[in-house]
Amino acid sequence: MSLRIYLPGDTTAVALGADEVAAALLEQASKRSLSIELVRNGSRGMFYLEPLLEMEHQGQRIAFGPVSAGDIPGLLDALAGDAAQHALYLGATEDIPWLKGQQRLTFARAGLGDPLSLAHYRSLDGFAGLEKSLQLTPQAIVTEVTESGLRGRGGAAFPAGIKWQTVLDTPASQKFIVCNADEGDSGAFADRLLMEADPYQLIEGMILAGLAVGATRGYIYLRSEYPKALDTLNAAIAIAQEHAYLGDNICGSGKSFHLAVRVGAGAYICGEETALLDSLEGKRGMVRVKPPLPAIEGLFGQPTLVHNVLTLAAATTVLAKGAAFYQDFGVGRSRGTLTLQLAGNIRCGGLVELPYGTSLRQVIEEFGGGSYSGRPIRAIQAGGPLGAYLPHSMWDTPLDYEAFAAMGAMLGHGGMVVFDDTVDMSTQARFAMEFCAVESCGKCTPCRIGSTRGVEVIDRIIARQEPAANRELLLDLCDTLEQGSLCAMGGLTPMPVRSALHHFPEDFG
Amino acid sequence: MSIQQVIAKRVQEYRDVSGGLLPLLHAIQGDIGYIPPASVAAIASGLNLSRAEVHGVISFYHDFRSAPAGRHVLQICRAEACQSMGSRELEAHARNTLGIDYGGTTADGAISLEPVYCLGNCACSPSVRIDDSIHARVDAAALDVLIASLTDAGESK
C-alpha cells in the first residue's frame, strides 16, 4: 500500500522550502523502496507551520511542521515506529487548536487536496452552488445574494445584492463579471491563498454571478506579483472548460460563460475598481469619476459586476447553503465570515476565518501567539496600507465594518500587520505618504502632489523644524487629501498618517 | 527572428483582442525582456492607437521596462508587513552588497534590483522575489546566499 503524503505547493510554503522538502522526500522514498503518493495540496493557511507535511495515518491526517529537507530521513524513520515521538509531530491536523478554533466557510476546502482536482472539488460540495443556480431564475439568484447580507470583501463592504440587482436590471447586449484579484494590500494574502488552494470556488462563483446578472464573459484581473496563482488559475480554467463548466453549454444547460485571466503590471491603483477597468481595457490605470457606476457603465462601457475574489467565492456558499445559513454568521450589518490575515511581526501568522464580531485582541492573543521577535507588540495596522495604526487601547473593538469605521479605522480586506516596540511611527506615517506618491494614478492633485508634500512635511516634523506648525499643516493636508480625491488612494492615505500622529505622538518629537 | 519580427508577430496575435495592449506588452517583454522604444510606433499602428497612448501605458506600469534588465531581477518587498520584520535593513544591505540602487543593474549584468510592494507572503516576512520564485524570512545572510547563487560563479555550479 502506498503512503499518501501532502505537501503544499502554495507560494508561502514553497518560499519556505516546500519544493526542496518534496525532492528530499521522493529521493528518500526511492532509496528505501517506499511507495509514496505525493499530493501537492494548497495551504491550510497555517503559514507559521509551513512547510506543513501531512500524511494519512489510521484514517486521519496527521501533521508535521515546519519541515525542512534535512528532516525527511528522520521523519521517515519515525513513521516506521512511533510517529508521535517526532519533534515536529503536531497530531491530527483537524485538531490543531489554531485550525480548530476557526469557523471556515470560504476556506473550508483550502489545503485539503490537489487544487486542480475536479473530482476532489466535487467531493467536497464543489459546484453545489452552481447546480442550484442553474435551477433558479436570475432574479431568484440575486435575491438569495441580497438576503444573505453579503458585502464586498475587497474593503469597501458595499452590499453585494445591490450591485447584482443593478447589473441584472440594466439591459445590454454584453455584460461582464470582473474579479478583482489585484490584492495589493500589504498584510493581505487571502485572495492568493484561495486562488492557489481552491481555484474552482472562484470560477464557480463567477459562473453563477454570470447566470444571475446575464453576463456571458468574465475576467480575473490578477496582479503580476502572483506567478503561482496565475499558473493555477490558467490550469483550472482549462480543466473547467474541458468539463463544460465554462464555455457555451454550461453543464448541458445551453447557457454560456467564458472566463480569462488578465495580468496586471505592478500598479497598486489598479486594485481600485474603475482603474482596474481602465487597465483591463488596455489603458493606464486611471481612476474614473463615478457615476456612472461600473454596474451600469463598466468594462467597455457595458454593465459590469466587479467583485473581490472572496466575495465571488462566498457567493458559492450563499447559493449552496442558502441565504439564511449565511446570515446566521456575524453581527449587525456584517454578515457571514471575515477572513483575517495575521501578518508582519507575529509568531503564528496565517489565515483566520471567523464570524464577524470577535475582537482583534482575541484573535491576536488566541491565534497570533505574540510577536515573532518576542518583543512587546506596539501597533497593528488594520486593513492594508491605507488603514489605521491601532494601539492596544483599540484592540477590543469588535471586528465589524461599522465598529471599525466609528473609531476612524477600517477592516478593509482583513490584513492585520503587527509591529513590535521597535517601530518608529513617524517613519510609518512618512511611508504612507511616500507609498501614495509612488502609486497615485495622478488624476487628482491632492493625491498626486499632496502626497509628496506630505513626505516633506513629515520630514520637517522629524527634523524638529517648527513641529507645531508643521503638525497643523500635515493635518490640514490630510483633510485636503481626504476631501479632494476621487478614490480611496488619496482619500484614505490620511488614515495611517493621522492614526500614527494621534495615537503615537511621542514618536513625532 | 529579429526583434521587429517578434513584435510584428505579437501585434498580429493581439490586435483583435479587446483591451489587448497590456497582454501584448507582457508578451513582448516575455519574448525579448523589454519593450524597445523603437517598437512603440509599430504597436501603436497595429492596435490603432496613438504613440502617446502606447508610451503612456508603458511608462505608467512599474512592470514594463524600456531597456533590458540584468539576467536576474531581484525584487525586495518594501511594504509594511516586511518593514515590521526588518526589510528596511535588508534593502540597505542589498544596495550595499550589490553596489547599485533600485532601478540599477550590477556591472556584470547579473542582477537588476527593484522595489516591489507586497508579494502576498506577509505572514513570513521579509520577502524577496528572484525572477518567478519567492523567498520567505530573508535576512541579510540568506540574501547573501541567494545573491551568490545568481552571479556567474554560482550559476555555473
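Let me start with how chain B divides: in this predicted model, the domain assignment gives domain 1, covering 3-60, and domain 2, covering 72-156. Taken over C-alpha atoms, the centres of domain 1 and domain 2 of chain B are separated by 29 Å.

Turning to the contact between the chains, 34 residues of chain B are in contact with 47 residues of chain A. On the chain B side, the elements that give two or more residues are helix 2 (21-32), helix 4 (51-60), helix 5 (80-83) and strand 4 (133-135), and the largest share, four residues, comes from helix 2 of chain B. If we sort the residues of that side by character, we find 19 nonpolar, twelve polar and three charged.

Helix 2 of chain B is where I would like to stay for a moment. This helix has twelve residues and reaches 16 Å from its first C-alpha to its last, which is close to the 16 Å expected at 1.5 Å a residue. Which of its residues are buried? In helix 2 of chain B these are L21(B), L22(B), L24(B), L25(B), H26(B) and I28(B). As general background, an α-helix has 3.6 residues a turn, so residues three or four places apart point the same way.

And what covers the buried residues of helix 2 of chain B? The cover includes elements from both chains, namely strand 8 (258-263) and helix 12 (273-280) of chain A, together with helix 1 (3-14), helix 3 (40-46) and helix 4 of chain B. Finally, just after helix 2 of chain B, G33(B) takes a positive phi of about 90°.

Note on methods:
Residues are numbered from 1 along each chain as its sequence is written. Chains are lettered from A and ligands numbered from 1 in the order in which they are written. This is a predicted model: local features need pLDDT of at least 70, side-chain atom pairs count only at pLDDT 80 or more; totals for chains, interfaces and linings use all residues. Two residues are in contact if their C-beta atoms, placed from the backbone, lie within 7 Å. Ala, Val, Leu, Ile, Met, Phe, Trp, Tyr, Cys and Pro count as nonpolar, Asp, Glu, Lys and Arg as charged, and the others, Gly among them, as polar. Domain bounds come from an automatic or database domain assignment. The expected span of a helix is 1.5 Å times one less than its number of residues. A residue is buried if 20 or more other C-beta atoms lie within 10 Å of its own, exposed if 12 or fewer, and partly exposed in between; C-beta atoms are placed from the backbone.
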